[in-house]
Amino acid sequence: MAMLSAQLEEVRTQAEKSLSMPGSAQEVRTGVSAMANIPLPLSAKYRHIAAEAMVIENSGGSNRKEAMASLQKLSTALNILEKYGSNLTSSNRPKYWRTVKHNNPVFRATVDAIHGGRAVLCLYGYTNQQPDGLSFPDEVIEPDIAKVASVTLEVMSLRMELDMLVKDIHPHPEFFERILSSLTRKQDDEEVSTDSAAVSPASDRPWERLSLPMNSLSQPKGLLSLSSLTSPKQTAVSADNCSICGIFPVASHCSTCVQRLCSECDRLYHSHPGRAMHSRVQVASSRPSKTVSASLATWQCSCTTVNSMQQVLCDTCERPRLAAAAGPTVHEEPQQPSTITEWQCKSCTVVNAGSSILCEVCERPRLATRPPVTPSRPTPSTVAVLDGQWICQFCTYANHTPSSHCEMCDFARSDPAPSPSKPLPPSPVKDITPLSIRPKLTPTEDPDLKRQRLMREEGLKLIQLIREGEMKGVSPEEVYTSLRVSGSSSLSGTPCDWVKTELPHRLDEICAIAASFQHSPKPLHSTLFNCAGEDSGLEGLKSGTVPLSRAEAKQAWLTAGGDSEKAARQALRDRRAKVKELASLGFTDSAACEEALRQSGGEVRGALVLLQRPLLEPFHKRMWGDEPEPPIDINHPDKQRVCRRLLAVYDLPSWGRCELVLSLLRDPAAPYTLEDVVQAVRESHDRDFIRRVLTKECPICLSVFPHSKMQSLTSCQCSVCSGCFKQHFTIAVRDKHIRDMVCPVCWEPDINDPEHLNSYFSTLDIQLRDCLEPEVYELFHKKLTEQALIKDPKFLWCSHCSYGFIYDGDQLKVTCLQCRNSFCAQCKKPWEAQHTGLSCEQFQLWKRENDPEYQRQGLAGYLRDNGITCPNCRFQYALARGGCMHFSCSQCRYQFCSGCNNPFHTTCAVAQCSVTGLHAHHPRDCLFYLRDWEPARLQALLQKNGVAFNTDTAPGTQTGVCGVIEQKDEGAHQTDSACGAQTQPGQAGLCEKHYREYLVSLINGHSIDPAPLFNFNELLLACRRYQVELARGEGEDDRPYYNRLMKKLIEDVPLGDKVPRKK
């Protein structure tokens, strides 16, 4: 028993994997067949569904036949439940997989008609009760595939067992006979077959006997060995055949297990290690020796699939074995492909997905046939044939018994069932096989059907004529009317031909009849009075003598249905109504109106255009003439005329805005121009707001202008008048640097920011294009071009005349195009003959050793050679950095620190910075901080890193006075002159300020970090400055905390990346 349970779990696991994988139908069927044939009770085999309870509760009847019928109904319901589970495990689930409707006829007739059907749906996951069915809970997005596969596998296995039990081919029916006593009661007319297969003495425990060959599952043949689980049918087996398969002849006899086996069954059965030592004797077959045909062990289905003899249904199309032998009937449907991806409903012809059981539109099952169509009024002969048949209004099934409920969906009949003259037995099948020979009926045709047929034929004929008319340019109305007039047997051919040949003569006849009515209006008066019910006189007709046009006659002929006299009277009535309509629009001349209607073909709109054309002639002459438009006279006495002119010329949004413009212009205290007022009124209708817009004060000249005469920049909210705007930028372009072209009121924006610089000048160029004079605007573009060229790495400044140009060569010697002097392209020094063939460093070393003038200057010349270089335009200044670190380039107006080259700005980009005004952020090795150190401390830092420095004055240098050239502010100008401060001993002939600058240049040239010489307070201040935070340990001394803080500062905050590193 334990071995069978283990084998059951192995088969179940492998089948569940196959069920959840696409394209593995054959493996699933093999696994289900193996699971159904395992000899275990229902309670031990099924662990999810209550199989034993479902079989007991759904079985009925007092004998075996009735019990089998109830089990067949249970098998049908399990088949539907199997489809629900297969849809959930499929990768391509149906659209409405989340719900199961109770009003579905298939569901009501199968699943809902058995006990335990809804419990299986709950195991699938349909646990949410709805008014019309079951559904998945809202929080469940996907079904539990593993659980659904397990439940579906058990449903398929139980259905297969019930099918085998009903067909009397179940290998172990004793498990069902134990729980259903009615299965053991045979009918009186049934006889018990005395022939039985030879069984071993252990046949009272078949699950132990059959558990032995199940070990073949562990062989590498996979599921193919599962066929050994299928026991032979309990039918008579010949003594010469194998006792296991019952097909092949006996080849050996085992005396240990008392079995007579064929060669294949002997090999499989005794391959188990426990039976390998059995003694077997070869047995010669008593039958004549001949080759067993493969057709004896297999059978071929109509779909050409070869199946084994044990299989009742085909593996591919699931058709029964007997259906393969029988030929196709007369009404057999076309063969479907082996893999059904979609199917067409036979009732509503909608194409559904292959996984759906019911049609998505009419909800009829896939195998349901087309419902029969009954005529609305059947003839007496038809009634005689269909006596007792009625169509269900719910599922459209044709019932053949006069019952009160439908045989298919069990839905109540809508009309009361008639009492037949004699009772008819209930039909055992749903579909009626049509008779091969139909009864002869008398050819009587219903009058209504005949009338409908004639109407249909006439309608189709008319449609054909209309289509021909459309191809020939004839309207459907003309075709229909001409058909009525000419008749079907016209001598002129088709109605289209009649319209082409006869209709013009008929229209001329209608015009003549109408003209006769116009000349003798008395009979027409009575006709008009009687037909239209109007009691007005005929003044309009007595004086009107304009004839009708063919277009008017044709429209009246179509309205009158082809009657000429009636069409003439209708045309005159239409003409009179249109004349009245034109008179209501101001055109009282009836003769002119009638003539305009005749020319326009009876259209009022066209007649109106013709009548208005003479009135618009003066306006057209004024519009298309060469004379200028006269100005608008604001003081004209006709106020509405002035408003109309304003509305037409200036396209104001409303009449009220025109009146507002007129009131503002007529105000004597506000001398506004018409254009300014119109522009202000377009923006707003508020009078106070308009007055504020019209009275703007210029902050430069303090004059009042309207808003349209003011100009402003995009970088600020200031606005100045057009004159001051033009004058300010004209002076800035001619006399100042391009960076001075900012707002004259607030001096915004900050042009040191490169991002703001590009966007600002792109918008300023558009404003200055229409504001400046052409020569000034050309000079502005020239300066703007020079500003852009500065950023080019090939751009050079001449060291002699400060002229800039692009140099593409690779030689160090460069000749200026302006002054024709030469200089070095790398060090920017004036070119000397000794520089030829030497690098800039070698040339400087030569000058220190051989140039007396350079030696006499000493460190002052060194500071001059290592002067200030603008980081923006790379222009070099032979100046010392001096005391103030803020330096402004004279070429590009870039403001930066001369010690670290970081920019000075008012708008800081550092988020943690709280400093307002002009400032810069300096690294810790910048001269900005190191200039406060004593020279001895700077010398100690150099000595610690092994860098030599000078302390003696160079021979020939003037003593006592510092000769370093620096930039000084003298009033509004900046001049370059010697320092002139007193020197100190041991500082190489420099003042203390410039000696510190010399020592710092050595520190920066060798990238020496000054942090190791910081004291504790300086270290804390530097950490706060650069946002370096390190928590101090509890009870930690100053020295360990100092070392950790120093290490974190050096690692997290690098030295300045823009600091000059020249040695």
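Helices (H or I, at least four residues) and strands (E, at least two) are DSSP runs, numbered from the N terminus. With the whole chain selected, 40 helices and 26 strands are present.

The model is a predicted one, in which local features need pLDDT of at least 70, side-chain atom pairs count only at pLDDT 80 or more, and totals for chains, interfaces and linings use all residues. Residues are numbered from 1 along each chain as its sequence is written, and side-chain values use heavy atoms, with hydrogens and water left out.

Remain with the full chain. Of its 1063 residues, 37% count as buried; buried means under 20% relative accessible area, exposed over 50%, and partly exposed in between (1.4 Å probe, protein chains only). Display the surface next: the chain exposes about 61,100 Å², of which carbon and sulfur atoms supply 54% (Shrake-Rupley method, 1.4 Å probe; for residues, only the protein chains shown count as cover).

Now select helix α16, residues 476-486, and locate Glu 478 within it. Glu 478 counts as buried because its relative accessibility is 8%. Leaving aside residues up to four places away in sequence, Glu 478 touches Val 499, Lys 554 and Leu 558 (contact: heavy atoms within 4.5 Å).

Proceed to helix α25, residues 617-624, which holds Met 623. Met 623 has 46% relative accessibility and therefore counts as partly exposed. Add Leu 616, Phe 619 and Trp 624 to the selection: together with Met 623 they make a nonpolar surface patch of about 480 Å². Patch residues have over 30% relative accessible area and no salt bridge, with nonpolar side chains (Val, Leu, Ile, Met, Phe, Trp, Tyr) joined within 5 Å and like charges within 9 Å; a salt bridge is a side-chain nitrogen of Lys or Arg within 4 Å of a carboxyl oxygen of Asp or Glu.
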